[in-house]
Amino acid sequence: MPLLENYSYTRPKWLFNGHLETIYPSLFRKVVAPNPVKERILTTDGDFLDLDWYRQGKAKLVIISHGLEGNSTRSYMLGMVNSFLKKEYDVLTWNFRSCSAEMNKQVIFYHSGATYDLDLVVQHVYDAYEEINLVGFSLGGNLTLKYLGEKGNSLSKIHRGVAISVPLHLGSSSRKISETENTLYSKRFLRSLKKKVIDKSAAHPGQIPVETLRNIKTLADFDDFFTGPLHGFADAEEYYEVNSSLYFLDQIKVPTLVLNAQNDPFLSEKCFPTKLAKTLDQVYFEFPKHGGHVGFSPANSQKPYYSEQRAVEFISAVI
């Protein structure tokens, strides 16, 4: 499909660059959503996933996946929940392993390509709904796209997908976020990830090389020493190449929207595959000039966030 250029996002004038567009909603947006019904489901390897349900008795469901070191309570998650509840969908958000209130049990955590956990969530709800839609932010967007590519036509109830601020190419995006201008973000992520490694090593003594934390300076370092090896990959580079959703886009068989802002400080040039866009049948790309990373704040505070507006429009539309 060609790039979608009939849509336009207008940012607030005072959020005049991608960093402000990224930071402001992350730190200051407050969202009030209904209290969810909590559910814990067990994984086949003896671990668990924590789910948040927003049921209205509808036949259509939206499953929302969060980003790196996020969780089901983040403002961008709750904003998307509210938007779909208004359109009469049931909504399910879920927490990746180690991202809910309790540390997961196994030595592994979560990662950008861990579609086995997303599949467990989908299979858990599959028989209860006539239609299932998937929405993912950032890392969760990569997970969503990879999953849709892997499944192809095998899940007839999967209706549509939306991926927002998604690092389609993990390796170059990891290098991008480690650039000097992005130090604030990378340090924040590393602080959280390192704490989890320390906590995890206490529960699994001798299985995690916690002493190597002193050598970790970038997210790529972390993936090289921890994410990759813990999850069965030789190193960060293999982990990135095997799990980059860019390589799964041509296998997606349901209408899917990729919404990436051109001024997203986390995304490399490979996350804007304009040539590839013209060769795909089911994947629609929208690359507005502004928006930041998981930003898209409305210029009019009475309007919904643009990412929420577009997700609802795309999933609800007749294409």
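Axes here are lines fitted to C-alpha atoms, for helices over the stretch in contact, and the angles between them run from 0 to 180 degrees between N-to-C directions. The model is a predicted one, in which local features need pLDDT of at least 70 and side-chain atom pairs count only at pLDDT 80 or more, while totals for chains, interfaces and linings use all residues. Residues are numbered from 1 along each chain as its sequence is written, and side-chain values use heavy atoms, with hydrogens and water left out.

Two packed helices are described by the angle between their axes and the distance between the axes. Helices (H or I, at least four residues) and strands (E, at least two) are taken as DSSP runs and numbered from the N terminus. With that in hand, α6 and α7 can be placed: their axes lie 10 Å apart and the helices pack at an angle of about 20°. The two are therefore roughly parallel to each other, given that angles under 35 degrees count as roughly parallel, over 145 as roughly antiparallel, 65 to 115 as roughly perpendicular and the rest as oblique. In passing α7, α6 makes a left-handed crossing, a term that applies if the near helix is turned anticlockwise from the far one by less than a right angle, with right-handed used if it is turned clockwise. On the α6 side the contact (heavy atoms within 4.5 Å) is made by F189, L190, L193, K194 and V197, and on the α7 side by L219, F222 and F226. These residues divide into seven nonpolar, no polar and one charged, where Ala, Val, Leu, Ile, Met, Phe, Trp, Tyr, Cys and Pro count as nonpolar, Asp, Glu, Lys and Arg as charged, and the others, Gly among them, as polar.

The loop between α6 (183–203) and α7 (219–230) holds Q207. Q207 has a relative accessible area of 49% and is therefore partly exposed, since buried means under 20% relative accessible area, exposed over 50% and partly exposed in between, with a 1.4 Å probe and protein chains only. Once its neighbours within four places in sequence are left aside, Q207 is in contact with V107 and L230. Q207 and L230 are 23 residues apart in sequence, and their C-alpha atoms are 9.2 Å apart in space.

A second helix pair is formed by α2 (residues 75–86) and α10 (residues 306–316), which pack at an angle of about 40° with their axes 9 Å apart. Helices α2 and α10 are therefore oblique to each other, and α2 passes α10 in a right-handed crossing. From α2, the residues Y76, G79, M80, S83 and F84 meet S307, E308, A311, V312 and I315 of α10. This contact is made up of six nonpolar, three polar and one charged residue.

In a third pair, helix α3 (residues 115–125) and helix α4 (residues 139–151) cross at roughly 75°, and their axes come within 10 Å. Helices α3 and α4 are therefore roughly perpendicular to each other. T115, L118, D119 and V122 make the contact from α3, while α4 contributes L143, T144, K146, Y147, E150 and K151. The residues of this contact divide into four nonpolar, two polar and four charged.

Among the residues that touch N243 is K146, together with H111, G113, N142, L170 and F233, not counting residues up to four places away in sequence. N243 itself is found in helix α8 (residues 236–243), and its 2% relative accessibility is why N243 counts as buried. The side chain of N243 reaches the backbone oxygen of Y239 at 2.8 Å.

The loop between β8 (283–286) and α10 is the place of H293, which counts as buried because its relative accessibility is 6%. The side chains of H293 and S138 are joined by a polar contact of 2.9 Å, the term meaning a pair of N or O atoms within 3.5 Å of which, within protein, one must be able to donate a hydrogen and the other to accept it, and residues adjacent in sequence count only if both atoms are side-chain atoms. With residues up to four places away in sequence not counted, H293 touches T22, S138, S165, D264, P265 and F266.

F296 also lies in the loop between β8 and α10, and its phi is near 65°, a positive value in a residue other than glycine. With a relative accessible area of 0%, F296 is buried. S98, which is not a glycine, has a positive phi of about 80°; its place is in the loop between β4 (90–95) and α3, and at 6% relative accessibility S98 counts as buried.
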